[in-house]
There are 2 protein chains.
Amino acid sequence: MTQQTHDVIGVGAAIVDIIARVDDGVLDEQGLSKGAMTLVDEAGSSAIYGALGDALERSGGSGANTIAALGALGRKVAFIGKRRDDEFGKIFAHDIRATGAAFDAPAATTGEATARCLVMVTPDAERTMATYLGVSGDLGPDDIDTETIAGAGILYLEGYLWDKPAAKDAFRRASEIAHQAGRKVALSLSDAFCVDRHRDSFREIVANDIDILFANESELLSLYETEDFDDAIEAVAKDVAIAAVTRGPDGAVIVSGDERIAVPAQDVATLVDTTGAGDLFAAGFLNGMATGQPLATCGAMGCSAANVVIQILGARCPDALKAKFAIEGWT
Amino acid sequence: MTQQTHDVIGVGAAIVDIIARVDDGVLDEQGLSKGAMTLVDEAGSSAIYGALGDALERSGGSGANTIAALGALGRKVAFIGKRRDDEFGKIFAHDIRATGAAFDAPAATTGEATARCLVMVTPDAERTMATYLGVSGDLGPDDIDTETIAGAGILYLEGYLWDKPAAKDAFRRASEIAHQAGRKVALSLSDAFCVDRHRDSFREIVANDIDILFANESELLSLYETEDFDDAIEAVAKDVAIAAVTRGPDGAVIVSGDERIAVPAQDVATLVDTTGAGDLFAAGFLNGMATGQPLATCGAMGCSAANVVIQILGARCPDALKAKFAIEGWT
């Protein structure tokens, strides 16, 4: 077995978020489904951006947020995702490397621009996203570095890239390498509409290739085409060794074989922006797995990390996260 | 006299801020003077950026921050500053236009990149800046739009651009146009080191061309080469019709002829980042002038606007500013 060089390696989209507060009316005008991620092209992204007010830019990307948070918590991490040699590409690379993550592939010198996600935060702190995937959607099997994947204890895949066939092939390739090296493979379902678009292939990979599944309630219900949460839980328990299902203010349920562990959400002083809640839950949970904690502690770490990120704007909060885990006594 | 089309027009640098929290040691390692603005070239900017942790990007530029805030407060404003046709240029243009400001010149298609300012915030909430002026330093007399300048009640000039001879010529040209149209000309001294580098020409323009001067205490002392605050106040009273001198937690002193109006600073719940304090003071003060308030109210509006911006990260806070002025009963 290859020596373990990293605790977790993520594969996903390299994205910079453009974050703006909006009223609900803007979502209607732009034809966006509240709370969801809508894919747009460059022209569509520019058009929506033009309708937004004052914004700020901050590195994002669902899988990248998880890896950046794990890096901040002291885990050895790496990330694979495609960016261009443009300003947004430089910002993305700078911020993920600043957390200690290995991010070694050179920037693409051709192709579309670096991905950007318009994150629109409504007064209720819910986020609605319009993503221009750009060059990040060109991720393919050739971008999967065998040695790094084989050397990482857990491979973490971001469901959002499921809309891109080549990326799906990259995920399959990465999963093969990881399993051949005796590693665990984790997947985040990312978005209920994304699950709906690709239910069959998600079902197939979840049943055959995934050891640890992250999903929120609506994603899980969509995956198993049921409206009954308990039925969905029973179904996922048969498919994967471990499932961590988040339920917003109701916390999370960790499922493993016959075990069902309910983890409460932590109190929120000021709910600012739910962007990154799922990403940070996954980071906290994987931090527990990587440090050999029991499942209940992994779940508590997930809820604690999610609690931090929903009290800031955007999905990156390395300093606040480190401080929170220190207070919890987890360092 | 030309009809007034705008309340205030700003001329300055079109900059995007890259904001990171740092420990004081980073400033020493990078040879940066705490609290000051150091000019760097593109390579220097990249080297310092590489030494910083997780960052976020937000539109900035001292004069532009003032204009953006005035726009948020409902004043009719315009801005003149040079940016390239790159991502940072798009971000700058988007955010200033989102406040309602006219920003009409097309992006430059040649020359250096859009300006960026590395804003390093230390644990004491003080900000230290390393600015790569890029194409914004190429501002020259040809960029000064006669009609727009002549149609603005107040012309507001940003001292930071004093390091660039062509920009100085642009300022002189803009001042001439404004005065010929019977308008007021305001200048912000921006930085004590900048004043020190260009004392003679600052003294000359302040004495001959400026009606309203904005300075903090150290800039004013540097301008008049004195260590005695009262001496500096007497000197500035002879040079300009109105001077607004900020003193950090001690508020501000408004000077006009024989009048000396002390305005207290407002209480701060959580001091986050002093970036933009001077810019927002100027915005509040000019908001008062543009709406015909007495000097004491102009000063109070300045202190109130500064109070808002030092409780957020970065220098743009349109929503919080609007809310604060509504609470003060100033809308």
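How many bridges join strand β8 of chain A to strand β9 of chain A, and do these strands run parallel or antiparallel? I began my notes with this pair, bearing in mind throughout that the model is predicted. I counted five bridges between β8 (residues 152-158) and β9 (residues 184-188) of chain A, and the two strands run parallel. To fix one position in the pair, I looked up Ile154(A), which stands opposite Lys184(A) in β9(A).

**Entry: the sheet around the pair**

I then followed the pairing outwards and found that β8 and β9 belong to an open sheet of eight strands in chain A, whose order is β5-β1-β8-β9-β10-β11-β12-β13 and whose pairing is mixed. At the edges I noted β5 (77-80) and β13 (259-263) of chain A, each of which pairs on one side only. From one strand to the next, the twist averages 15°.

**Entry: a helix on the sheet**

I looked next at helix α11 (residues 277-290) of chain A, which packs on the sheet and touches several strands, among them β1 (6-11), β10 (212-216) and β12 (252-256) of chain A. Helix α11 also touches β8 of chain A, and its direction makes about 165° with that of β8(A).

**Entry: the two copies**

Turning to chain B, I noted that a rotation of 180°, with 0.0 Å of shift along its axis, superposes chain B on chain A with an RMSD of 0.0 Å. The two copies are therefore related as by a two-fold rotation axis. In chain B, the C-alpha nearest that axis belongs to Glu57(B), 2.4 Å from it.

Lastly, I checked the interface: 95% of the interface residues of chain B are also interface residues in chain A, so the copies meet through the same surface.

Note on methods
Residues numbered from 1 in each chain as written. Chains lettered and ligands numbered in written order. Predicted model: local features only at pLDDT ≥ 70, side-chain atom pairs only at ≥ 80, totals over all residues. Pairing = 2+ DSSP bridges. Helix = DSSP H or I, 4+ residues; strand = E, 2+ residues; numbered from the N terminus. Axes fitted to C-alpha atoms, helices over the stretch in contact; angles between N-to-C directions. Contact = placed C-beta atoms within 7 Å. Least-squares fit on C-alpha atoms with pLDDT ≥ 70 in both.
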